[in-house]
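Here are my notes from a first pass through the model, as numbered points. Have a look at the structure alongside them and tell me where you would dig further.

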Amino acid sequence: MSKEQSAYRQSLKSLDTEEGIDLAFYRPIGYMWARLAARLGVTPNAITVASIFLGIGAGVCFYFDSMAVNVAGMLLLIWANSFDSADGQLARMTRQYSRIGRILDGVSGDLWFATIYVAICLRENATSTFFMGHPWLIWVIAVVTGICHAKQAAMADYYRQFHLYFLKGESGSELDRAFTLKRRLASLTWRHDFWQKLTLTFYTSYTVQQEATSPAMQSLRHAIAERYPDGTPLPDSLRHDFRMASLPLMKYTNILSFNWRTIALFTALFLTMPWLYFVFELTVLNALLVMMVIRHERICRRFSRLVADGHYDSSH
């Protein structure tokens, strides 16, 4: 492997958690953006902010009942996502990791899709005979879809981070605990740390919801913490076994992420029926989420029993 290929591989989170379209398209483009940004001294957070404006611009384009304008919006959204890839790759290349960067990265996608949802609602109420007769209905559908979207994205990210914890260890994962975040939050004041406290408040709430949806995972984390306290490495056999059990679910976390959502969105726009995107979110993606949660919780319950029984202790 050449030095350039090695540098590119190191800019990725892991091949276990990368999605096929990302590897074929977004990651190579993101790597080029990241290299350019590194030479120019541009920070990962600056790239994330730029992606927010591009994504919001894309959403505005989807309001118009014009295929040419819609295609321009699609290109803007693809551009925004290439920046979303680049910010993480740049952070890994330059080791500019920060919790604020992780929070900002999550907020960027939320702002893209919030704009897209509003644009679809306004468009349907202006162009659809059915929704013009029931203008409130599309907004209700959009709100419910948005809530489901947030839950889908949150859990997909959480399962990827837990997988990375077993694959790469604590330093290779961005896995946080709600009680740690709450302690940090309590140490900040609104007067002196307003923006930091505001962002951490939202992030803490986000983490609390992730933990509430995955009780068996929390039991496994507790069992691991008791059996292997801080400073004690996890047995290699435990890391390997959990990784192999979790790996088949990674393809589902990727479906719940950006690429397949945008394929569905672009298809709905080409069919001139943007509301179909909401149907896809509410049916296909929610079914995947429920299946993924059930399967992951089952895996965690099994490993909780193994860890508590000392099954892996002889591996040290």
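1. Start in the loop between helix H12 (258-270) and H13, where Thr272 sits. This is a predicted model, so take the backbone angle here as part of the prediction. Thr272 has a phi near 55 degrees, which is a positive value in a residue other than glycine.

2. Moving on to H13 itself, this helix covers residues 276-308 and is the top contributor to the positive patch, giving 5 residues. The patch of positive charge on the surface is a gathering of Lys251, Arg295, Arg298, Arg301, Arg302 and Arg305. If you want one of them to click on, take Arg295, which is found in helix H13. Its relative accessible area is 30%, so Arg295 is partly exposed.

3. There is also a nonpolar patch on the surface. Which residues make it? Val60, Tyr63, Phe64, Val118, Leu122 and Trp139 do, and the patch comes to about 510 Å². Val60 belongs to helix H3 (residues 44-61). With 43% relative accessibility, Val60 goes down as partly exposed.

4. Now the salt bridges: the count comes to 6. One of them joins the side chains of Arg243 and Asp16, at 2.5 Å from N to O. This pair links distant parts of the chain, since Arg243 is in helix H11 (residues 236-255) while Asp16 is in the loop between helix H1 (3-10) and helix H2 (20-40), and the two are 227 residues apart. How covered are the partners? Arg243 is partly exposed, its relative accessible area being 23%, whereas Asp16 is buried at 16% relative accessibility. The cut-off for buried is under 20%, so Asp16 falls on the buried side of it and Arg243 does not.

5. Another pair is Asp313 with Arg227, whose side chains form a salt bridge at 2.8 Å, N to O. Asp313 is in the segment after H13 and Arg227 is in helix H10 (residues 215-227), so this bridge ties together parts that are 86 residues apart in sequence. Are these two residues buried or exposed, or somewhere in between? Asp313 is partly exposed, with a relative accessible area of 29%. Arg227 is partly exposed too, with a relative accessible area of 36%.

6. Then look at Arg27 and Glu18. Their side chains meet in a salt bridge at 2.8 Å, N to O. Arg27 counts as buried because its relative accessibility is 15%, and Glu18 is buried as well, with a relative accessible area of 8%. Add Asp22 to the view here: Glu18, Asp22 and Arg27 are linked in a network of salt bridges.

7. Ser14 is another residue in the loop between H1 and H2. At 7% relative accessibility, Ser14 counts as buried. What does Ser14 touch, leaving out residues up to four places away in sequence? Leu164, Leu167 and Lys168 are its contacts by that count.

8. Helix H7 spans residues 135-168 and holds His149. With a relative accessible area of 9%, His149 is buried. Leaving out residues up to four places away in sequence, His149 touches Phe113, Tyr117, Arg261, Tyr277 and Glu281. I'd show these side chains together when you check this spot.

9. Last stop: the loop between H7 and helix H8 (178-186), which is where Arg177 lies. Arg177 counts as partly exposed, at 26% relative accessibility. Which residues does Arg177 touch, not counting those up to four places away in sequence? The contacts are Thr207, Glu211, Arg221 and His222. For the first of these names, there is a C-alpha distance as well: Arg177 and Thr207 are 7.1 Å apart in space, C-alpha to C-alpha, with their positions 30 residues apart in sequence.

Technical notes. Residues numbered from 1 in each chain as written. Predicted model: local features only at pLDDT ≥ 70, side-chain atom pairs only at ≥ 80, totals over all residues. Heavy atoms only, no water. Helix = DSSP H or I, 4+ residues; strand = E, 2+ residues; numbered from the N terminus. Buried < 20%, exposed > 50% of the residue type's maximum accessible area, 1.4 Å probe, protein only. Contact = heavy atoms within 4.5 Å. Patch = residues over 30% accessible without salt bridge, like charges linked within 9 Å, V, L, I, M, F, W, Y side chains within 5 Å. Areas by Shrake-Rupley, 256 points an atom, 1.4 Å probe, with all protein chains shown as cover. Salt bridge = Lys/Arg side-chain N within 4 Å of Asp/Glu carboxyl O. Lys, Arg positive; Asp, Glu negative; His and termini not counted. Charge placed at Lys NZ, Arg CZ, Asp CG, Glu CD.
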